[in-house]
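Subject: Structure for your files

Hello,

Here is the structure I said I would pass on. Please look through it alongside the notes below.

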Amino acid sequence: MNKSYASGRVAACANKINDYQRSFQFYEDNKKRTLLATLDEHAVGSAGKPGGKKMILTKECGIILDGKDVILKSWRWDPKAQRAGSPPSESVVINLNASLVFTFRDRSSISIKFAPCPGILVDFACGECRRRTDSYLDHARRVTEGPHRGKLLIDQEKPTLQQRQKRIELESLEKRSKSKPSSTDVAHAEIKQIVSTLETKFDGYEGCRVTPAPDGNWREMAYLQSLREIPILPATGYEVGQTPTLFGSVVQTNDASESLKRLKNESSGKWRGSVEIHKMIAQENPGLPRTGYLTNASGRYSQELQVAGGGTKSAGERLISIRGSKLDLYLREQCSNDELVVVACLRSDDRQSRAAEAKLEQIQMILSKRKQNPATAAEHKCRLVKCDLAESPALVDRYRIHAVPTFLMFYASRLVNVSSLGGLAVRVTPTTKNANLSGQMDHLPRVLLVEKSAKQQLAVESVLRREGFQWDLASSGEQAVSNFTRQSTSGALGNSGPTYELVMLSDSLSDSEVRAIDRFIGPKERMKRKAGRKALVCVVVSTAGCGVPFSKTLCQACRRAQGRRVSQELAASVERSTREPPLMACPHCSLVTESSTKTTLLPPGLAEMTQAIVYKHVKAATLHRLAEMWVADEGRGGSRSAPASAGGPRHCGETHLGLTPFSFFIEVDKQIAAAKRGAFLPEHHIPEMALSAKDTVLSLQFGRQAPEGLAMLPMDQVRSASA
């Protein structure tokens, strides 16, 4: 039982185990919940507030102290003990707070009164509570005569063996009467008469009896039932060999003529329609009942199966559905002349259409967010709707739609383009093999390691190899400059040379080497690369003279990666704090916190160039955090035409072919530009066949020589074919 203050905080807590075992706790009305008093069934505990009068009660003695913890009085419960003292002759009253008052009279009379407001008073009896208050001597009888005169005889009620046996029999009869009640066990006269009448009428009825176990011929019955359920094929007359038997019996022909008669019309004798036949077959062979486990779990994570527990829900916004007959009216009245209207022609009974609709719902959510943002509302004036071709067959004939999904694009109520947008997206580049980063990026950043120490080279390369990164090694600043020069030369010639997204520098580089590297990846060079890919620069501090203390807790990024809760209030307070954070390293990833005092750890030139500092050892978690920082930097500096995503370059057109948010917005920009030039399609335009992304990728897998009867597409037409 709990009692609370007006503020809602707990004031008193009473715990009861049985009739005599209990305990009480009383608390102050503050956030710390200061304990004011605690007592148990033996009257052992204490009472008092900090800086005030207190009383301590133990099993041997009691003590009263003043506000300075000076003993005012002490005594023992046993009056015969040495220096026992005497309990207080008057009641001891201690005001615990404005609502709680402690009163001590004697060991068995202790009370704490709780009065939260006028008119309400709760009195807690916290005195000693024993299991029994009397003694067996109080109920003894003294012998007054005979040789045992003066002896105390204890009164004990011990039943004899016959009495115990009779009691057990009565308890067994009561249990049997509860399971199978009889009129002889009922004491009430009226109820006994009713039960007796029911027994007279129904005891002789055999249908009410249930055999709890199989009878003697259960084997024969099970055998015959199995034979009836096994389907037997009729003989054709062309069989050879011995006549087969079924468990020693002759195989009987399975006559299905009666079942086939039910599939014909009784009046005309002709076969029923396909719908009626399917219905009759379903009645003849009903589906097995699904168990609760299958009903609740089967198909729960599939978008195609509809189950009772509910399937997966796609993350997106539902599309507006219009009918084909009202398309022209919708374009004239609902749409403006300066926006591109994309009509997705789908079918609800087609699997590819449902998958394309799920992707379009994600695009619709991106469009809604951009319309709500004033900064991006004018970038893409696009409207996305859908039309079900199963309900609008006239639209199929009007625009010669031969496949789904098909997209009709209108600008100012005029047709601009008819395309499949490549169909379902197909990945053309493999995903990263790193399980910790595959959900955040499509490829790992390429690493350039600039390290002079051979021991440090082996250690870092071992971690890079284990985590699936690709890297180049430079043992000096001169080799690093050579790698950067080769990279820029191959890019100018149009070759696909190595592009370094993550550069790991050693703190042992000289000033001249740092200045030479700064010309390629310094802050000024990074500002020039706003439109292209950026490189993340980090420095590995491994010099023996540098010492950075490790933090007692993990950094925010490591806590998020491990699924731990990150307090938003704490993160916001750290960002708002004007005090400079101390220079400390995360014990999990070894990354040093961002601080202006890093100039004391690194030379000025290296400190100005670096974006992250790694202390001592490069671990797997270190590479994970650096890759996440690179992805976040790529997401902030990506193309404006691509939709924003926390995963950085996930929507770029290099990883997928077909319908993706990136390809959709690229096509929207292309068709808006074509419409502004006046490049509209004629009214009776017949669209050409466009390969889907899947067909394009399959054709490329055959190599340079196409098999007979298969037309190959040039490499420069792959992108246009998918659109």
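The notes below go from the whole chain to one helix pair and then to some backbone details.

This is a predicted model. The protein chain has 723 residues, of which 33% count as buried. It contains 20 helices and 28 strands. Of the contacts between residues at least 6 apart in sequence, 56% join residues at least 24 apart. The exposed area of the chain is about 47,300 Å², with 53% of it supplied by carbon and sulfur atoms.

One helix pair was examined: α8 (residues 351-372) and α18 (residues 661-676), whose axes come within 10 Å and cross at roughly 60°. An angle from 65 to 115 degrees would count as roughly perpendicular; α8 and α18 are therefore oblique to each other. Their crossing is right-handed. On the α8 side the contact involves K359, I363, I366, L367 and R370, and on the α18 side P661, F664 and F665. By type, these residues are 6 nonpolar and 2 charged, with no polar ones.

Now the backbone. Most residues other than glycine have a negative phi, and most peptide bonds are trans. The bond between V404 and P405 is cis, with omega about 0°. P405 lies in the loop between α9 (393-399) and β20 (406-411).

Positive phi values occur at R33, near 55°, and at A412, near 60°. R33 sits in the loop between β3 (22-27) and β4 (35-40) and is partly exposed, at 45% relative accessible area. A412 is in the loop between β20 and β21 (414-419); its relative accessibility is 30%, so A412 also counts as partly exposed.

Regards

Key: Residues numbered from 1 in each chain as written. Predicted model: local features only at pLDDT ≥ 70, side-chain atom pairs only at ≥ 80, totals over all residues. Heavy atoms only, no water. Helix = DSSP H or I, 4+ residues; strand = E, 2+ residues; numbered from the N terminus. Buried < 20%, exposed > 50% of the residue type's maximum accessible area, 1.4 Å probe, protein only. Contact = heavy atoms within 4.5 Å. Areas by Shrake-Rupley, 256 points an atom, 1.4 Å probe, with all protein chains shown as cover. Axes fitted to C-alpha atoms, helices over the stretch in contact; angles between N-to-C directions. Parallel < 35°, antiparallel > 145°, perpendicular 65-115°, else oblique. Left-handed = near helix turned anticlockwise from the far one by under 90°. Nonpolar A, V, L, I, M, F, W, Y, C, P; charged D, E, K, R; others polar.
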